[in-house]
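Colleague: I've just opened this one and I'd like some help reading it. Could you take me through it a feature at a time?

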Amino acid sequence: MYASLSEKHEHKKVLPDLEKSEKGVVMRFAPNPSGPLHIGHARAAALNDAYVKQYGGRYILRIEDTDPKRVDPEAYEMVREDISWLGLGITETVTQSDRFSLYYDLCMQLIERGGAYVCTCDNEHFRELKQAKTACPCRDLPVATNLERWQKMLDHEFKEGEASVRIRTDLDNPDPAMRDFPAFRILDAPPHPKVKAHVYPLMNFSVVADDHLLGVTHVIRGKDHIANTRRQKYIYDHFGWQVPVYRHYGRMGIEGVVLSTSQMRLGINEGTYTGWDDIRLGTLRALARRGICPEAVKNAMLAIGIGDTDISFSWDNLYAENRKIVDPVANRYFFVPDPITVTIEGAAPHTAHAMLHPGDTARGTRTLEFDGSVLLPKSEISPGTSMVRLKDLFNVKIVWDGNIPSFSYGGDSLAEARAVKAPIIQWLPAQAAVPCTLLTQEGEMKGVCEPLVGAELDRVVQFERIGFARIDSVDASGIRAYFTHK
RNA sequence: GCUGCUAUAGUGUAGUCCGGCCAAUCAUGCGGGCCUUUCACGCCCGCGACUGGGGUUCGAAUCCCCAUAGCAGCACCA
């Protein structure tokens, strides 16, 4: 009985089983190095990671840099950093630009098998033929001719746009997307930052080649790849290779942040964003800067799972995951936004001892010395407020003369403050407050905080009654913190 | 236009394959209460959904058909 109770209590989100996983799995995460990773990438990264951990096996990071137009040389390093931050169990890394000769080899073999041909047709013309389910003249050329043409491609005798390799599929396939799709193209420019080439494999070819060569057993990717999966099966069949198990999860809409790499880049160049880690962006480094933990990101992604329905990602759910992680560890401090200086009449010096964490008394206290005047959040003091309690200190009576308040000592009794429902607010000694800027996605909040916060650099703290924040920088001019969430 | 995928509360998710135990799970959110020198955490109570219409059946969230809506592909991007 107790067993079943605790079982239910510890109910953990488990991903649905994958078939053919008994002997372990080989999976891969395959980003394109066009920029840093964002929350959308995290889904594929986390799901594959979780399955490899569940079944055991290898987890390959494959950098898919086969399109020189979409390669940012700096992104290789950024992707590496982001993956390391996420804490994926990557067991090996391959970069496709290192493997062009493998693809060329396989292409030749495929042509020899009659599974591919070199097409020199004009693009527009080919499209019309395709719509009409008609073979282009190149399709029926003998293998020997195709091999010659392939050699001419490699020798750069064909220029950009003059020839491409196509996979022989089924012209009668009702889906026009399946008919003789391209596998290699020629690009004269731009140069690839990592490899000297003009013949480039297209994704459907290089992906099949590598999935097979690397022994990938299961592929989990977005359903935008569902057509690619069907196309890729033609290549597997031509080679007689075994097809991996595929799962396609639905589209994930993400509100409120910019995710498109090109838009982000543009915004950075124009100065709209401070960089790839601008907190208004959905990059992993932006989340990190705000104090979102990698485990929270992964947990949120696993909770979403691999369903094939289109979903809209909810920040609330991610924040809830993060709060579970951060709340038990974050020290508590006072941050007074938009402070006003107030002198309190009739109060003797007091020393306040506020707990660093109310759930963990062993952590001790911060000490705040009261000596006559304090800083209070302006928004808490408005006509009609007759008493507030300064948290961990004492009560303050407020008397209003029109719009002019005067403050006086109101006793130490917490019970009295409760009795009149006085708000218990954060405060700082006027003499011991450090300038602090809290940056949120909506803008800056200027204020002051406890000096001790300076020792929390790079950690997440909780500003009482405000929310969690990551301390981003500490210097002579003050502290800068990024708002995490409530 | 052609091809394909999907449709459970505000959001995510379980159940759908093998119809009844589902007047539908869990989380998050929201409302209320308790606890508490934070509007955090914790605890309690509540709110809230099977896209619509037909059909099969003793019985349908679950099977079939149609409709509607959303998404994806038809790139020399990944």
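Modeller: Sure, we'll go through the RNA surface, then the rings, then two single residues.

Modeller: This is a predicted model, where local features need pLDDT of at least 70, side-chain atom pairs count only at pLDDT 80 or more, and totals for chains, interfaces and linings use all residues. Residues are numbered from 1 along each chain as its sequence is written, chains are lettered from A and ligands numbered from 1 in the order in which they are written, and side-chain values use heavy atoms, with hydrogens and water left out.

Colleague: Which residues come nearest to RNA strand B?

Modeller: A residue is near a strand if one of its heavy atoms lies within 4 Å of it. There are 54 residues around RNA strand B, and Glu64, Asn123, Arg185, Thr309 and Arg465 come nearest. Of the strand's atoms that come within 4 Å of the protein, 74% belong to sugar and phosphate.

Colleague: How is that surface made up by class?

Modeller: Ala, Val, Leu, Ile, Met, Phe, Trp, Tyr, Cys and Pro count as nonpolar, Asp, Glu, Lys and Arg as charged, and the others, Gly among them, as polar. Near RNA strand B that gives 27 charged, 16 nonpolar and 11 polar residues. Helices (H or I, at least four residues) and strands (E, at least two) are DSSP runs, numbered from the N terminus. Among the elements that each supply at least two residues here are helix H5 (123–131), strand E6 (182–186) and helix H8 (226–239).

Colleague: Which part of RNA strand B does the side chain of Asn123 come to?

Modeller: A polar contact is a pair of N or O atoms within 3.5 Å; within protein, one must be able to donate a hydrogen and the other to accept it, and residues adjacent in sequence count only if both atoms are side-chain atoms. For Asn123, the partner is a phosphate oxygen, at 3.4 Å. Glu380 has a base nitrogen at 3.2 Å from its side chain, while Lys391 has a sugar or linking oxygen at 3.3 Å.

Colleague: On to the rings: how many aromatic pairs are there?

Modeller: Rings of Phe, Tyr and Trp (its six-membered ring) pair if their centres lie within 6.5 Å; planes under 30 degrees apart count as stacked, over 60 as edge-to-face and the rest as tilted. The count here is 16. Phe313 and Trp315 are edge-to-face, because their planes stand at 85°, with the centres 5.0 Å apart. Phe394 and Tyr409 are edge-to-face too, at 5.1 Å and 85°. Phe394 is in the loop between strand E18 (387–390) and strand E19 (395–401) and Tyr409 in strand E20 (residues 404–409), so this pair ties together parts 15 residues apart in sequence.

Colleague: Is Phe394 buried or exposed?

Modeller: Buried means under 20% relative accessible area, exposed over 50%, partly exposed in between (1.4 Å probe, protein chains only). Phe394 has 0%, so it counts as buried, whereas Tyr409, with 27%, is partly exposed.

Colleague: And where is Ser21?

Modeller: Ser21 sits in the loop between helix H1 (2–9) and strand E1 (25–29), and is buried at 7%. Its side chain reaches the backbone oxygen of Leu18 at 2.7 Å.

Colleague: What about Ala455?

Modeller: Ala455 is in the loop between strand E24 (443–449) and strand E25 (460–463). Its relative accessibility is 57%, so Ala455 counts as exposed.
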